[in-house]
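Subject: Structure for your review

Dear colleague,

Please find below the sequence and structure that I am handing over to you. My findings follow directly after them, and I would be grateful if you would read them with the structure open.

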Amino acid sequence: MNNHNEEKRNIASINKDYVRSVERHEKRQKAHKVRLFRRLTAFAVLVVVVMGWLTYTMVNQSHVLASKEEKKAQALEALEEVKDQQDLLNSQILKLNDDDYIAKLARKEYFLSEEGEIIFAIPEKEENEDKNNDSKE
């Protein structure tokens, strides 16, 4: 009987060691799964944050680009207007260098005349219409 009790203790002991070993192995696997899940979750959060930042940056840059394109178009329009004014002023400079044009301008603006010319001042249509409207009232 003594032999039988020793075998039971050895068997119980082996079973206990085996069970503990299996339990430790299961705990390690479970802990490994938990760590893996945490790492994957952290990685996913990081990816979402980076993608959000990249999207925000892209949208912001597209708004800035559109704004700059609009300013460029406005600047080109202003440049065209300035070029037109410059051409007009250059043509006026050329005309003002011409003595005949200056004489004609002086006669028109300041009612100057050449010898033998008679100047008649004819009222403009707008002035006549204003006078007619005032008299009717």
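Is D17 buried, partly exposed or exposed? With a relative accessible area of 42%, D17 is partly exposed, because that value falls between the cut-offs of 20% and 50%. Please note that this is a predicted model, and that every value below was computed from it.

Overall architecture

The chain contains three helices and zero strands. Along the sequence, the order of these elements is α-α-α. Of the 137 residues in the chain, 0% are buried. The chain exposes about 13600 Å², and carbon and sulfur atoms supply 57% of that area.

The salt bridge

The partner of D17 in a salt bridge is R20, and their closest N and O atoms are 3.7 Å apart. This distance qualifies because the cut-off applied is 4 Å. The count of salt bridges comes to one. Both D17 and R20 belong to helix α1, where they are three residues apart, or about one turn of the helix. R20 also counts as partly exposed, since its relative accessibility of 46% lies between 20% and 50%.

Surface patches

Two patches deserve your attention. One is a patch of negative charge, in which E77, E80, E81, D84 and D87 gather on the surface. Of these residues, D87 lies in helix α1, which covers residues 2-96.

The other patch is nonpolar and amounts to about 710 Å² of surface; F43, L46, V47, V50, M51, W53 and L54 make it up. M51 likewise has its place in helix α1. The relative accessible area of M51 is 49%, so M51 is classed as partly exposed, the limit for an exposed residue being over 50%.

Helix α2 and the residue after it

Helix α2 runs over residues 99-110 and has 12 residues. At 1.5 Å a residue, α2 should span 16 Å, because the expected span is 1.5 Å times one less than the number of residues. The end C-alpha atoms of α2 are 16 Å apart, which agrees with the expected span. Just after α2, F111 adopts a positive phi of about 55 degrees.

I hope that this account is of use to you as you examine the structure.

Yours sincerely,
A colleague

Key. Residues are numbered from 1 along each chain as its sequence is written. This is a predicted model: local features need pLDDT of at least 70, side-chain atom pairs count only at pLDDT 80 or more; totals for chains, interfaces and linings use all residues. Side-chain values use heavy atoms; hydrogens and water are left out. Patches are made of residues with over 30% relative accessible area and no salt bridge: like charges are joined within 9 Å, nonpolar side chains (Val, Leu, Ile, Met, Phe, Trp, Tyr) within 5 Å. Accessible areas come from the Shrake-Rupley method with a 1.4 Å probe; for residues, only the protein chains shown count as cover. A salt bridge is a side-chain nitrogen of Lys or Arg within 4 Å of a carboxyl oxygen of Asp or Glu. Lys and Arg count as positive and Asp and Glu as negative; His and the chain ends are not counted. The place of a charge is taken as NZ of Lys, CZ of Arg, CG of Asp or CD of Glu. Helices (H or I, at least four residues) and strands (E, at least two) are DSSP runs, numbered from the N terminus. Buried means under 20% relative accessible area, exposed over 50%, partly exposed in between (1.4 Å probe, protein chains only).
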